[in-house]
Amino acid sequence: MTGPDAPGPGVSGRGRLGRWRDQVVALGWLVLVWNLLWGDVTWANLVGGLLVGGAVLVFYPLPAVSFGGRLRPGALLVFAGRFVVELVTASLHVARIAVQPGCRPRGAIIGVRLRVSSDLNLALTAEAVSLVPGTLILEVDRAAGVLYLHVLDTHRPADLDAARERTLTVERRIIRAVGSAAELRLVETGTSEKGTRP
């Protein structure tokens with residue numbers, strides 16, 4: 001078949017290559033989450049993460065999520081470093097609440113509308129936010145791009161605004177690390193949107 005409507009010789013190959021790349025990216029994130037859940041990066045956990053992640057992708061295939069972004073190693077290191085700092089800080093804060101006599105922490109449920117509503121960004125931001133102690137994802141509104149989360153130890157409206165801003169900051173760091181140029185423009189210029197209340 002020839003002519004302008006004929007598919008190019010490399011189109012199907014590029015499609016297969018794109019699917020393989022998406023599978024490798026998904027496997028990498030599954031291995032990372034597996035090691036974070038165990039709380040220790042060892043060779044056994046890496047191999048176990050590869051086996052479990054591979055089994056998940058084979059037996060429970062996820063819907064196709066295309067990765068149209070670009071990996072930026074510097075921004076990825078910044079994200080990882082800030083994530084570790086927030087993980088330690090939040091763990092100490094929750095530990096102080098647990099041992100402080102007479103402390104009655106108040107929780108709240110808030111909704112945060114993300115500026116990039118792609119499935120990949122929703123999943124990555126939800127994972128990163130829920131791994132930090134004191135915050136738990138309750139629901140994801142995929143159509144509206146809203147994360148509903150429970151926040152521990154909130155005493156005034158400013159605490160709720162701070163939790164929303166922390167979530168949007170996590171999203172910004174993720175997009176800076178792996179997002180496309182268009183997504184990066186959204187998170188850099190959309191600073192006036194601070195999320196939505198449920």
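This is a short talk on the fold, an aromatic pair and the empty spaces of one protein chain.

Hi everyone, and thanks for coming. Please keep in mind throughout that what you see is a predicted model.

Let me start with the overall layout. The protein chain has six helices and three strands. If you walk along the sequence, they come in the order α-α-α-β-α-β-β-α-α. There are 198 residues in the chain, and 28% of them count as buried. On the outside, the accessible surface is about 12,400 Å², with 65% of that belonging to carbon and sulfur atoms. As for contacts, take those with a separation of 6 or more: 71% of them join residues that are 24 or more positions apart.

Now to the aromatic rings. The structure holds two aromatic pairs. One of them is F79 with F83, and this pair is stacked, with 6.2 Å from centre to centre and 25 degrees between the planes. Where do F79 and F83 sit? Both are in helix α3, four residues apart, which is about one turn of the helix. And are they buried or exposed? F79 counts as buried because its relative accessibility is 14%, under the 20% cut-off. F83 has 12% relative accessibility, so it counts as buried too.

Keep those two phenylalanines in mind, please, as we turn to the enclosed spaces. In general, rolling a probe the size of a water molecule over the atoms shows where empty space is left. Searching the whole structure turns up two cavities of 30 Å³ or more.

The largest cavity holds about 40 Å³ of space. Its lining consists of F79, R82, F83, E86, A128, V132, V170 and R173, so both rings of our stacked pair belong to residues in that list. Helices α3 and α5 are the elements that give two or more residues to this lining, and α3 has the largest share, with four residues. What classes of residue do we find in the lining of the largest cavity? Five are nonpolar and three are charged, with no polar residues.

The second largest cavity has a volume of about 30 Å³. Here the lining is made of W29, L76, F79, L124, I174, A177 and V178. You will have spotted F79 again: this residue lines the largest cavity and also the second largest one. Once more α3 and α5 each supply at least two residues, but this time the largest share, three residues, comes from α5. The lining of the second largest cavity has seven nonpolar residues, with no polar and no charged ones.

Last stop: an open space, the second largest pocket. Its volume is about 480 Å³. This pocket is lined by 22 residues, and those nearest its centre are A90, V132, P133, T135 and R166. V132 should sound familiar, as it is also in the lining of the largest cavity. Which elements supply at least two residues each to the pocket lining? They are α3 (73–99), α4 (119–130), β3 (146–151) and α5 (157–178). Helix α5 gives the most, with six residues. By class, the pocket lining has 12 nonpolar, six polar and four charged residues.

So, if you open the model after this, try starting at F79. From there you can look to F83, its stacked partner, and then to the largest cavity and the second largest cavity, both of which F79 helps to line. Thanks for listening!

Technical notes
Residues are numbered from 1 along each chain as its sequence is written. This is a predicted model: local features need pLDDT of at least 70, side-chain atom pairs count only at pLDDT 80 or more; totals for chains, interfaces and linings use all residues. Side-chain values use heavy atoms; hydrogens and water are left out. On a 1 Å grid over the protein atoms alone, a cavity is a set of points where a 1.4 Å probe fits but cannot get out, and a pocket is an open set with protein on both sides within 12 Å along at least five of seven lines; lining residues have an atom within 4 Å of a point. Grid points are joined across faces, edges and corners, and a volume is the space filled by probe spheres set on the points. Ala, Val, Leu, Ile, Met, Phe, Trp, Tyr, Cys and Pro count as nonpolar, Asp, Glu, Lys and Arg as charged, and the others, Gly among them, as polar. Buried means under 20% relative accessible area, exposed over 50%, partly exposed in between (1.4 Å probe, protein chains only). Contact means heavy atoms within 4.5 Å. Accessible areas come from the Shrake-Rupley method with a 1.4 Å probe; for residues, only the protein chains shown count as cover. Rings of Phe, Tyr and Trp (its six-membered ring) pair if their centres lie within 6.5 Å; planes under 30 degrees apart count as stacked, over 60 as edge-to-face and the rest as tilted.
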